Amino acid sequence: MTTAAQVEKLYQKLTSEELAGLAFEALARQDDIELDTIVGSVKAQTYKCTDWGYRWRLVGLTDLYKYYGMVYWKNRAYMAAAENFIKEGDNKLENLLNLLIDHAIAMDVALQEVCSKQGIDVVTVKKLALCDNEATFTTSQKPDLVAEYVGLFEATLGKK
């Protein structure tokens with residue numbers, strides 16, 4: 001049987017890339033003990049780098065546009081597929097299409113709300129997410145859905 005100390009010694013022989021891969025897998029399994037053991041095996045280094053607040057905000061802004069774009073275009077792909085099936089006579093998907101439209105509208109309203117609160121140019125976020133030529137909405141009939149997206153988008157930014 002392998003003990004924790006033996007595992008730690010094995011981790012110390014792995015490369016940084018290998019440790020990162022194992023940490024990623026531990027995250028997926030939600031194995032905090034294993035993750036702590038892996039992180040404890042990573043060599044610590046001293047760096048001279050830009051201000052933490054600057055880096056944290058830039059990463060958050062980057063995460064926001066990437067997340068928004070990913071969710072938006074995934075939703076739009078589902079909308080296109082549902083529309084094609086409906087055009088071919090499969091009307092069972094009309095409710096799904098309406099739900100997807102509600103999501104697209106709620107996402108847009110939520111993004112505008114988050115950007116307004118955080119002092120972020122919404123057009124810049126949409127441009128980087130390749131959504132700047134898409135429809136813009138000012139209100140949604142689904143405030144609970146808007147609130148859900150606001151929470152998701154704010155989480156990408158961290159605390160301000």
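## A network on helix α5

E113 is partly exposed, with 35% of its relative area accessible. In this predicted model, E113 is paired with K117 in a salt bridge whose closest N and O atoms lie 3.9 Å apart. Both residues belong to helix α5, and because they are four residues apart, about one helical turn separates them.

The pairing of E113 with K117 does not stand alone: salt bridges with shared partners connect E113, K117 and E154 in one network. The count for the model is five salt bridges.

## A buried pair between two helices

A further salt bridge is formed by K126 and D108, and the closest N and O atoms of this pair are 2.4 Å apart. The two residues lie in distant parts of the chain, 18 residues apart. K126 belongs to helix α6 (residues 122-128), while D108 belongs to helix α5 (residues 94-118).

Are these two partners buried or exposed? K126 has a relative accessible area of 6% and is buried. D108 is likewise buried, at 1% relative accessibility. Both are classed in this way because the cut-off for a buried residue is a relative accessible area under 20%.

## A partly exposed pair

R29 and D31 also form a salt bridge, with 3.8 Å between the closest N and O atoms. This distance satisfies the criterion, because the nitrogen must lie within 4 Å of the carboxyl oxygen.

Both partners are partly exposed. The relative accessible area of D31 is 27%, and R29 has a relative accessibility of 48%.

Technical notes:
Residues numbered from 1 in each chain as written. Predicted model: local features only at pLDDT ≥ 70, side-chain atom pairs only at ≥ 80, totals over all residues. Heavy atoms only, no water. Salt bridge = Lys/Arg side-chain N within 4 Å of Asp/Glu carboxyl O. Buried < 20%, exposed > 50% of the residue type's maximum accessible area, 1.4 Å probe, protein only.
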